[in-house]
Amino acid sequence: MKAVSIREHGGPEVLEWVDVEDPAPAAGEVVIDVAASALNRADVMQRRGLYPLQPGWSPYPGLEVSGRIGAIGEGVTGWKVGDEVCALLTGGGYAQKVAVPAGQLLTIPEGVGLTEAAGLPEVAATVWSNLVMTAGVEAGETLLVHGGSGGVGTMAIQIAKALGVRVVTTVGGAEKAARARELGADVAIDHRTEDFAEHGPYDVILDVVGGDYLERNVQSLAADGRLVVIGLQKGLEGRLNLAEIVFKRASVHGTTLRTRSKEYKAQVVTEVREHVWPMIERGAVKLVVERTVPLADAAEGHRLMEAGGHLGKILLVNDGSA
């Protein structure tokens, strides 16, 4: 098979479409013949050398795929060869085949195409695990979503609205603000011209930015507020006033789904199937796709993501390129 390899850390040009060995399913795993994968910020960080791989991780980027089951390992039940699925991965999705624990498989929601489904597992699992399982967001609360035009942001707006939450989001530009409101945001703030703190306080903040947003995020929390930091686009360091934490009884969570155990991921996947898939099937939530790019040309997808003008997900389609 072929996969996208990272020749060395650097720009998009270091991504190469190369021949590699086919994966074989270990006990409890299946191999998926990949129809499509999707870009995530973690892929860009991995390419740049800012996301060190842990033992046992695939060297190839890609945290989600869709496709058909091509082989089944020992002990796997409930699935058969040929089933159309999408899956949450620890890596390896930029390839024509990938092995994945069976607990991280998802059926394709009704009304969603096989290619489009590639963009669902990571964002749905990220949003649900952080907003519901970690932050415990509830109907009637106010949520601030930073980066409301990205894959996670567009999904977070919709899932939160489906749960009865008031949603405020930050985006870059009037066009993206208008699109965020179409997706259900009650307030869309252009971070270039407005201060998000003026629209608080917030019960929950979902932050993909990091860096110097930390201090302002905490200042903007309501009493008993919860800040969940899942991205570091503006850097690794920020100031923290502990008095703000203490007197507000606030909590700050730093999370990443990728490093979680397969048991935890299976739990998240189960909850996504039970709660998010019905939202999609009744039309309350939909995947926002910017465009599709051939998997063999993943470098172009990375260029698009880093340019910052996209809205929603960029999908990588396995068109059988040799």
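This is a short tutorial dialogue on reading helix packing, burial and aromatic pairs in a predicted model.

User: How are two packed helices described?

Analyst: Two numbers do the job: the angle between the helix axes and the distance between those axes. In this model, helix H1 (residues 41-48) packs with helix H8 (residues 298-307) at an angle of about 110°, and their axes are 11 Å apart. That makes H1 roughly perpendicular to H8.

User: Which residues of H1 and H8 meet?

Analyst: On the H1 side you will find Arg 41, Asp 43, Val 44, Arg 47 and Arg 48. They meet His 302, Met 305 and Glu 306 in H8. By kind, the residues of this contact of H1 with H8 divide into 5 charged, 2 nonpolar and 1 polar.

User: Now burial, please. Where do the buried residues of H5 fall, seen down the axis of the helix?

Analyst: Here is the general idea: an α-helix has 3.6 residues a turn, so residues three or four places apart point the same way. Now to our case. Helix H5 spans residues 213-220, and its buried residues are Tyr 213, Leu 214, Asn 217, Val 218 and Ser 220. Looking down the axis of H5, you see them within an arc of 160°, so they line one face of the helix.

User: What do the buried residues of H5 pack against?

Analyst: Their partners are strand S8 (142-146), strand S11 (202-207), strand S12 (221-229), strand S13 (251-254) and helix H6 (242-248).

User: Let's try a single residue. Is Leu 105 buried or exposed?

Analyst: Leu 105 counts as buried because its relative accessibility is 0%, where the cut-off for burial is under 20%. You can find Leu 105 in strand S7 (residues 105-107). Beyond its neighbours within four places in sequence, Leu 105 is in contact with several residues, including Val 30, Ile 32, Trp 79, Val 269 and Arg 273. Take Val 30: this residue and Leu 105 are 75 residues apart along the chain, yet their C-alpha atoms are separated by 8.9 Å.

User: How many aromatic pairs does the structure hold?

Analyst: The structure holds 2. Tyr 51 and Trp 57 form a tilted pair, 6.2 Å centre to centre with 55° between the planes. Tyr 51 counts as buried at 15% relative accessibility, and Trp 57 is buried with a relative accessible area of 15%. Phe 196 and Tyr 213 have ring centres 5.5 Å apart and planes at 40°, so this pair is tilted.

User: Where do Phe 196 and Tyr 213 sit?

Analyst: Phe 196 is in the loop between strand S10 (187-190) and S11, while Tyr 213 is in helix H5. The two are 17 residues apart, and the pair links distant parts of the chain. Both Phe 196 and Tyr 213 are buried.

Methods
Residues numbered from 1 in each chain as written. Predicted model: local features only at pLDDT ≥ 70, side-chain atom pairs only at ≥ 80, totals over all residues. Heavy atoms only, no water. Axes fitted to C-alpha atoms, helices over the stretch in contact; angles between N-to-C directions. Helix = DSSP H or I, 4+ residues; strand = E, 2+ residues; numbered from the N terminus. Parallel < 35°, antiparallel > 145°, perpendicular 65-115°, else oblique. Contact = heavy atoms within 4.5 Å. Nonpolar A, V, L, I, M, F, W, Y, C, P; charged D, E, K, R; others polar. Buried < 20%, exposed > 50% of the residue type's maximum accessible area, 1.4 Å probe, protein only. Arc of directions from axis to C-beta. Phe/Tyr/Trp six-rings, centres within 6.5 Å; stacked < 30°, edge-to-face > 60°.
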